[in-house]
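Trainee: I should be grateful for a close look at the part of this structure that surrounds the ligand, followed by an account of the helices and domains beyond it.

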Amino acid sequence: MKRVLITYRLKPEGLTVLNDKYELTLPKDRSFFSREEVLELIPEYDVLVPNFSFFTDKEIMDRGVNLELISNFGVGFNNIDVDYATRKGIVVTNIPKTTREPTAEFAFALLLGAARRIGYYDRKIRTPQGVSWGTYTDAGLPVFGKTLGIIGMGRIGQSLARRAVASGMNIIYNNRNRLAEDIEKQYSARFVSKDELLKTADFISLNAPSTPETYHMIGEKEFNMMKQTAVFINTARGDMVDEKAMLKALKENRIWAAALDVFENEPHILPELLELDNVLLAPHAGTKTLEDRIAMSVEMAQNIVGFYEGTYPISRVN
Ligand code: 8YV
């Protein structure tokens, strides 16, 4: 029986795909195994299931002498040294199907929330001084008729575009490769350079993967290129943005607002960001619904079954 080490508390519905056929170990009384615990256990296991916060590096793979598969619980795999896994002949899989719609939905919720200042209103209305109910209040920004610039037009970017188009937005995008014409047509999306996108978009959403090439791809120079009324949304990975430069841009009102689900040093958030009214914050919650977590668990488990039994197509990243 193949042995599977899961570093976090997975939903039982996901486990039913594996039960009886695989021997599973996962933390029962808390959310995560510590790195030390994984290092201790890993030599006995064939499969490792990390989540985005478990760094699966050389040390883990070298200790995992029986490791054949790393079945990542997430679409992003910047937590895994994929090159090293490839060199060791370890297969790495991810879960692009079930993370697509919830992440796009959350990105759009953040876009609307930041534009219409929902977090700000909610915060203020609860305070003794309250909010202004006056006729002259013009705190928000409309979304209808505005341009959304999507950096990274993969699955999640396209699902975000679909929602934005339905809300009357125009789409421009930048991507490693230009999309096929029929796909562009679906969203009336126009391919532009990154600079043009930064200069002309009213809303800018980051939906690209975190790689060494995309590290700090949005920094001081990029924030300075944006419109003063720009809203920046990040549901991808925190390390793609120079957080200090973003803080400066927000403090100096160089841009209008930011809506953030991810941070450079999660779960640590720059304390000064917490003090700003033009920032909407979430705790890496893009896929945090019970239904989506169950679906993600099943997709992850099917990667394992597919790998060993060939009964499901698997999503390989190497
Ligand atoms: C999850 C994510 O919260 O899929 C990803 O890459 O960042 C999120 O969907 C995470 O993977 C859970 O570990």
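Mentor: In this predicted model, the shell around the ligand comprises 3 nonpolar and 7 polar residues, with no charged residue among them. Its members are Asn51, Phe52, Phe73, Gly74, Val75, Gly76, Thr99, His284, Gly286 and Thr287.

The shell may next be placed against the division of the chain. Domain 1 takes in residues 2-94 + 289-309, and domain 2 takes in 98-281. Over C-alpha atoms, the centre of domain 1 is separated from that of domain 2 by 31 Å. Contact between the two involves 9 residues on the side of domain 1 and 7 residues on the side of domain 2. On the domain 1 side, the touching residues are 3 nonpolar, 4 polar and 2 charged.

One residue of the ligand shell, Thr99, also takes part in a helix contact. Together with Lys97, Thr98 and Pro102, Thr99 represents α5 in the meeting with α13, where the partners are Asp292, Ala295, Met296 and Glu299. By class, this contact between α5 and α13 holds 3 nonpolar, 2 polar and 3 charged residues. Helix α13 spans residues 290-309, and its axis comes within 8 Å of that of α5 at a crossing angle of roughly 160°. An angle over 145 degrees counts as roughly antiparallel, and α5 and α13 are therefore described in that way. The crossing of α5 past α13 is left-handed.

Helix α5, residues 96-115, has a further partner in α7, residues 155-166. Here the axes lie 8 Å apart and the packing angle is about 45°, which makes α5 oblique to α7. In this case the crossing is right-handed. From α5, the contact draws on Pro96, Arg100, Glu101, Thr103, Ala104, Ala107 and Phe108; from α7, it draws on Arg155, Ile156, Ser159, Leu160, Arg163 and Ala164. These residues of the α5 and α7 contact divide into 7 nonpolar, 2 polar and 4 charged.

Two points of backbone geometry complete the account. Most peptide bonds are trans, and most residues other than glycine have a negative phi. Against the first of these tendencies, the bond from Glu266 to Pro267 is cis, with omega near 0°. Pro267 belongs to the loop that runs between β11 (257-260) and α12 (271-274). Against the second, Ser188 has a positive phi, near 45°, although it is not a glycine. Ser188 is located in the loop between α8 (181-186) and β8 (189-191).

To return to the part requested, the ligand has a shell without charged residues, and Thr99 of that shell is also one of the α5 residues that meet α13.

Terms used
Residues are numbered from 1 along each chain as its sequence is written. This is a predicted model: local features need pLDDT of at least 70, side-chain atom pairs count only at pLDDT 80 or more; totals for chains, interfaces and linings use all residues. A residue is near a molecule or strand if its C-beta atom, placed from the backbone, lies within 6 Å of it. Ala, Val, Leu, Ile, Met, Phe, Trp, Tyr, Cys and Pro count as nonpolar, Asp, Glu, Lys and Arg as charged, and the others, Gly among them, as polar. Axes are lines fitted to C-alpha atoms, for helices over the stretch in contact, and angles run from 0 to 180 degrees between N-to-C directions. Helices (H or I, at least four residues) and strands (E, at least two) are DSSP runs, numbered from the N terminus. Angles under 35 degrees count as roughly parallel, over 145 as roughly antiparallel, 65 to 115 as roughly perpendicular and the rest as oblique. A crossing is left-handed if the near helix is turned anticlockwise from the far one by less than a right angle, and right-handed if clockwise. Domain bounds come from an automatic or database domain assignment.
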